[in-house]
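Colleague: I'm new to this one. Can you walk me through it?

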Amino acid sequence: MGPGWHETERIQMIILYGMPLSGHVHRVRLLLSMLDLEYRFEVVDASAPELLRLNPLGQVPVLRDGDLVLADSNAILVYLAKAYGAGTHWLPDDAVGAAHVQRWLSIAAGELRQGPAAARMVALFGKAGEPADARARAAGLLTFMDRWLDGRAYLAAACPTLADLACYGYTAHAPEGGVSLEPYLHVRAWLERIEALPRFVPLPWRD
């Protein structure tokens, strides 16, 4: 079946539930745009009854595609790449490439979430329960990323992959959490490469 099969056979449009300022939601919106998929974006609060019916954990994003309801941003990325990205570069088929992507998806869920994302959550939304050393964690991760990107164009492969989409938003918006990107030359160059991709959509900055 070719990459267009789902578009012709799908009965319902893809629906993405989330919040516009969420980096987790943004990474899914990025891939939907990169794959040129039509979808409807439903803005929901984490405590909304509709969201809790879809995901009892009360987390966004949630994706509905026909009868499928799927939570967790990284799981959604993998699903979309497998379901609609045949012949694309977003999720490598080879063992090493897939492993490198998985490593960065784990970093996105771990160090990135506990560093830049946590510092941003505190600064923008006053969210309690975030690590007290989030800015220090962010600096450690950005130092690691900057060294990793020295001589590399993208995080997991010679071309952009899910790894780059998963890590872009909270890295680009680290300054909203009081974390400067100025010391990280290679990280800033990588962010510019992602922003130059066709069909790139930005993560909004909070007014």
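Colleague: Start with strand 1. Which residues sit on its two faces, and are they buried or exposed?

Modeller: Ile-14, Leu-16 and Gly-18 are on one side, Ile-15 and Tyr-17 on the other, and all are buried. Buried means under 20% relative accessible area, exposed over 50%, partly exposed in between, with a 1.4 Å probe and protein chains only. Strand 1 covers residues 14–18, and 5 of its 5 residues are buried. In a regular strand the side chains alternate between the two faces of the sheet.

Colleague: What kind of model is this, and how is it numbered?

Modeller: It is a predicted model: local features need pLDDT of at least 70, side-chain atom pairs count only at pLDDT 80 or more, and totals for chains, interfaces and linings use all residues. Residues are numbered from 1 along each chain as its sequence is written, and side-chain values use heavy atoms, leaving out hydrogens and water.

Colleague: And what counts as a strand or helix?

Modeller: Both are DSSP runs, numbered from the N terminus: helices are H or I with at least four residues, strands are E with at least two.

Colleague: Back to strand 1. How many bridges join it to strand 2?

Modeller: 5 bridges, and the two strands run parallel. Two strands pair if DSSP finds at least two bridges between them. Strand 2 spans residues 39–43. Leu-16 stands opposite Phe-41 there.

Colleague: New topic. What space is in the largest pocket?

Modeller: About 570 Å³. The closest residues to its centre, of the 24 that line it, are Ser-22, His-24, Val-60, Met-121 and Tyr-170.

Colleague: What makes it a pocket, by your rules?

Modeller: The search uses a 1 Å grid over the protein atoms alone. A pocket is an open set of points with protein on both sides within 12 Å along at least five of seven lines. Lining residues have an atom within 4 Å of a point. Grid points are joined across faces, edges and corners, and the volume is the space filled by probe spheres set on the points.

Colleague: Which helix gives the most to the lining?

Modeller: Helix 6, with 5 residues. Helix 2 (23–34), helix 4 (73–84) and helix 6 (111–125) each supply at least two.

Colleague: Val-60 came up. What is the peptide bond from Val-60 to Pro-61 like?

Modeller: That bond is cis, with omega near 5°. Pro-61 lies in the loop between helix 3 (49–54) and strand 3 (62–65). Most residues other than glycine have a negative phi, and most peptide bonds are trans.

Colleague: Which phi value does Asp-72 have?

Modeller: Asp-72 has a positive phi of about 85°, although it is not a glycine. Asp-72 is in the loop between strand 4 (68–71) and helix 4. At 47% relative accessibility, Asp-72 is partly exposed.

Colleague: What about Arg-199?

Modeller: Arg-199 also isn't glycine, and its phi is positive, near 65°. Arg-199 lies in the segment after helix 9 (185–195). Its relative accessibility is 44%, so Arg-199 counts as partly exposed.

Colleague: How many disulfides does a search of the whole structure find?

Modeller: 0. A disulfide here is a pair of cysteine sulfur atoms within 2.5 Å. For Cys-159, the nearest cysteine sulfur is that of Cys-167, 15 Å away.

Colleague: Is each buried or exposed?

Modeller: Cys-159 is partly exposed, with a relative accessible area of 29%. Cys-167 is buried, at 1%.

Conventions: On a 1 Å grid over the protein atoms alone, a cavity is a set of points where a 1.4 Å probe fits but cannot get out, and a pocket is an open set with protein on both sides within 12 Å along at least five of seven lines; lining residues have an atom within 4 Å of a point.
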